[in-house]
Amino acid sequence: MSTDQEDAKGRHERSPAARAASGAPVDALTGGHDAASPLAAGERYVPSARATPREARPLDEWESRPRILVTNDDGIESRGLLILKQALEEIGDVFVMAPDTNQSAVGHAMTFMRPLRVRERTLTDGKPGWSVDGSPTDAVSLAFLGYFGISFDLVASGINYGSNLGDDVTYSGTVGAAMESVISGCPAFAISQEFVGEPNFELAGQMAKLVARNILEHGLGDGELLNVNVPARSVDTFSGVEITRMGKRVYQDQLLERLDPRGTPYYWFGGPPPTGVADAGTDFHAVGNGKVAITPIQLDLTAHRLLKRLGGWSWQLPASDPTEPGPQESAEAPVAQQDPLGS
Ligand code: MN
C-alpha cells in the first residue's frame, strides 16, 4: 500500500525543533541535498543544516540567542549532561542529543554498518531531549546533518564522569563529539569532572557557562577546540583556572582473564587506574593542584618536528634495471576505487 501520506505525517510528527524546550525558531536551513541516486518510496535525504555558526562577538550583540548542541558519552540519563544543559540554558537555546547508553572510550567512532534509531526522551527537568543508539559522534552528526532542521553556534560535550587528561583525549567519546563538531566547522568544547565517590558538578557547571561564553564571544580557529578538566573541588575551594598543554598519561592496564560458565576464557582490560606525569604547565599538574585545566587542542595532528626530519631521509625506491622491460602501460588501467566508507 502507498505510504506517502503516512510518510508525510511521520515527517511532520518528528519535527523535533518545534518541541524543544527552548522553543528555538526553525529558520536556519542552509541548503538542501541533491540526491545523486534515485530514492525509493519513503526515502528522502534530510536537508542538511551543517556548519553555519554565527560570528563570535559579545553576547549582548547577538541578534538572537546562540544555539547550543549538548551531548556527552555517558548517555542521555547522565547527571553531568543535565547539569551542562541547565548551565548553558542561561546563555543560549539548548538542544540535547546524546547516546542511549554509556559510550565512554568510544573515541571518534561513527556508525556505518547499521542504521540509527533516535528516540525523544523526557529529561529529568521535564524537558525533551533526544537519544540515539549510537556514539557521541553519531549524535553530533545527526544534529549537523539536519535532524533538528537548524544550524548550531556551539557544541558542548560532557560533563563527563571522570577526567580526560593527556592521552585520554584519544580514547574519549566526550572529546570525540567535540572533534566531530569542529570538523563540521562549528566551535566546540569538551568538559570532564574529576571525582572521588559521588561527583559534585557545581564548579563544572559554572565553568561550562564561562567557557561557552568565551568561545561565543572570541571564537576558535579552524580545527581548534577546548578540552576542559575540572578538579574535584567546590566553587569555594578550587585554586583558579590554568591554560595548559596536554600531559602524558601513564596507563597501568592489565589483561584480566576469566572463565565463562562453559569454561571458555574471556577478557577485561583491568588493572590499577592510570596516573599521569604532572609536569608544570600540563593538564595533570593543574588538576592535581586543584585548578581547572583548559587545554587547547587541534585536529591537525601533523608532527612538525618529524616532518622536517623526514626530508633528510631517502625516499627513492631501489633503482630498477633499465634493461628489463617495465610494466606495460594500459589505456584501460583500472581507476582507483573510492572506499565507500571513506576510511
Ligand atoms: Mn564518559
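**Notebook: helices, sheet and core**

I began with two helices and noted that the axes of helix H2 (residues 79-88) and helix H5 (residues 202-218) come within 9 Å and cross at roughly 45 degrees. I keep in mind throughout that this is a predicted model. Since angles from 65 to 115 degrees count as roughly perpendicular and those under 35 as roughly parallel, H2 and H5 are therefore oblique to each other. I also looked up the hand of the crossing of H2 and H5, which is right-handed. On the H2 side I listed Ile 83, Leu 84, Ala 87 and Leu 88 as making the contact, and on the H5 side Ala 204, Gly 205, Gln 206, Ala 208, Lys 209 and Ala 212.

**Second entry: the whole protein**

I then stepped back and counted seven helices and 13 strands in the secondary structure of the protein. Of its 343 residues, 36% are buried. When I looked at contacts with a separation of 6 or more, I found that 77% of them join residues 24 or more positions apart.

**Third entry: the sheet**

In what order do the nine strands of the open sheet lie? I wrote down S3-S4-S2-S1-S5-S6-S7-S13-S8, and I noted that the pairing is mixed. At the edges I found strand S3 (118-122) and strand S8 (241-243), each of which pairs on one side only. Neighbouring strands of this sheet are turned against each other by 25 degrees on average, if direction is ignored. As a reminder to myself, strands of a sheet pair through backbone hydrogen bonds, either parallel or antiparallel. For one pair I checked the sense, and strand S6 (residues 188-193) and strand S7 (residues 224-230) pair in the parallel sense over five bridges. Following Ile 191 across to S7, I found that its bridge partner is Val 228. I next saw that helix H3 (residues 136-144) packs on the sheet, where it touches strand S1 (67-71), strand S2 (93-99), S3, strand S4 (128-132) and strand S5 (154-161), and that its direction makes about 135 degrees with that of S2.

**Fourth entry: H3 and H4**

I compared H3 with helix H4 (residues 173-183), and the two pack at an angle of about 25 degrees with their axes 8 Å apart. Because an angle under 35 degrees counts as roughly parallel, H3 and H4 are therefore roughly parallel to each other. H3 passes H4 in a right-handed crossing. Among the residues that meet here I noted Pro 136 and Val 140 in H3, and Gly 173 and Ala 177 in H4.

How many of the eleven residues of H4 are buried? I found ten, so I describe H4 as mostly covered. What covers the buried residues of H4 includes S1, H3, S5, S6 and S7. Just after H4, I noticed that Gly 185 takes a positive phi of about 90 degrees.

**Fifth entry: the core**

I closed with the largest nonpolar core, which has 62 residues, and found that Ala 143, Ala 156, Phe 189, Ile 191 and Ala 208 touch the most other members. Helix H5 supplies the largest share of this core, seven residues. I followed Ala 156 further and, leaving out residues up to four places away in sequence, I saw that it touches Ile 68, Val 70, Leu 84, Leu 88, Phe 189, Ile 191, Ala 208 and Ala 212. In soluble globular proteins, nonpolar side chains tend to be buried together.

Methods: Residues numbered from 1 in each chain as written. Predicted model: local features only at pLDDT ≥ 70, side-chain atom pairs only at ≥ 80, totals over all residues. Pairing = 2+ DSSP bridges. Helix = DSSP H or I, 4+ residues; strand = E, 2+ residues; numbered from the N terminus. Axes fitted to C-alpha atoms, helices over the stretch in contact; angles between N-to-C directions. Contact = placed C-beta atoms within 7 Å. Core = buried A, V, L, I, M, F, W, Y, C linked by C-beta atoms within 7 Å. Buried ≥ 20, exposed ≤ 12 C-beta atoms within 10 Å, placed from the backbone. Parallel < 35°, antiparallel > 145°, perpendicular 65-115°, else oblique. Left-handed = near helix turned anticlockwise from the far one by under 90°.
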